[in-house]
Amino acid sequence: MTDRFRPVPKPAGGKKPRQRGKAVEAEIAKRLDGTRVPMSGAVKNSVHNLKGDVTVPDALGKPFILLEVKLSGTLNTKGDRSYTLTKPVLVQMRDEARSQQQLGAFRLHFANDRYEDDWVIMSADDWELLL
């Protein structure tokens, strides 16, 4: 086997992408006084049917907003951080939240940025309910 086709070993140490994603979900849940949904991505479409990544309560403590949280460390060809978001992901996020009688939101955190610089996307009808 030539070096060109030999797998490159992962460097020792550091967190795997899923571990980093869980850490981001936990931090966002903490900042919003919410609850991280354990194993949410691992059991989608299973009999457990856990939805969303973080549930954010209203002032009375009832589930209010269901967040889908994504972490991106991807760089585009110019070296800028990027994330590819498709409409089916947004529709699924909205529909999962509605099935739980909650508002749905998608939160994107870019690796090594401040959480205050995250981006949040939600459907216009859910957003208008907040106004």
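Helices here are DSSP runs of H or I with at least four residues, numbered from the N terminus. Keep that in mind for the close-ups below, which all come from a predicted model.

**View 1. A nonpolar patch on the surface, with helix α3 taking part.** Let's start with L130, which sits in helix α3. Is L130 buried, partly exposed or exposed? Its relative accessibility is 41%, so L130 goes down as partly exposed. On the surface, L130 joins F64, W127 and L131 in a nonpolar patch. Taken together, these four residues offer about 440 Å² of accessible area.

**View 2. S123, in the loop that comes between β5 and α3.** This loop runs between β5 (119-121) and α3 (124-130), and S123 is found in it. S123 has a relative accessibility of 17%. Buried means under 20%, so S123 makes the cut. Which residues does S123 touch, once those up to four places away in sequence are set aside? They are R94 and R98.

**View 3. The aromatic pair, Y83 with F106.** The count of aromatic pairs comes to 1. Its two rings belong to Y83 and F106, with centres 5.9 Å apart. Why is the pair called tilted? The ring planes meet at 45°, and tilted covers whatever is neither under 30 degrees nor over 60, so this pair fits. As for where the partners live, Y83 is in the loop between β3 (63-72) and α2 (87-99), while F106 belongs to strand β4 (residues 103-110). The pair therefore ties together parts that are 23 residues apart in sequence. Y83 is partly exposed, at 30% relative accessible area. F106, on the other hand, is buried, with a relative accessible area of 1%.

**View 4. The hairpin of β2 and β3.** Strand β2 (residues 54-57) pairs with β3 in the antiparallel sense, over 4 bridges. To pick out one of the matches, look at V54: its bridge partner in β3 is L67. Between the two strands of the hairpin come 5 residues. What does G61 do in this hairpin? G61 takes a positive phi near 90°.

**View 5. β3 again, now beside β4.** In which sense do β3 and β4 pair, parallel or antiparallel? The pairing is parallel, and it extends over 8 bridges. For a spot to zoom in on, try L66, whose bridge partner in β4 is G104. Strand β4 is also home to F106, the ring partner of Y83 from the aromatic view.

Note on methods
Residues are numbered from 1 along each chain as its sequence is written. This is a predicted model: local features need pLDDT of at least 70, side-chain atom pairs count only at pLDDT 80 or more; totals for chains, interfaces and linings use all residues. Side-chain values use heavy atoms; hydrogens and water are left out. Rings of Phe, Tyr and Trp (its six-membered ring) pair if their centres lie within 6.5 Å; planes under 30 degrees apart count as stacked, over 60 as edge-to-face and the rest as tilted. Buried means under 20% relative accessible area, exposed over 50%, partly exposed in between (1.4 Å probe, protein chains only). Contact means heavy atoms within 4.5 Å. Patches are made of residues with over 30% relative accessible area and no salt bridge: like charges are joined within 9 Å, nonpolar side chains (Val, Leu, Ile, Met, Phe, Trp, Tyr) within 5 Å. Accessible areas come from the Shrake-Rupley method with a 1.4 Å probe; for residues, only the protein chains shown count as cover. A salt bridge is a side-chain nitrogen of Lys or Arg within 4 Å of a carboxyl oxygen of Asp or Glu. Two strands pair if DSSP finds at least two bridges between them.
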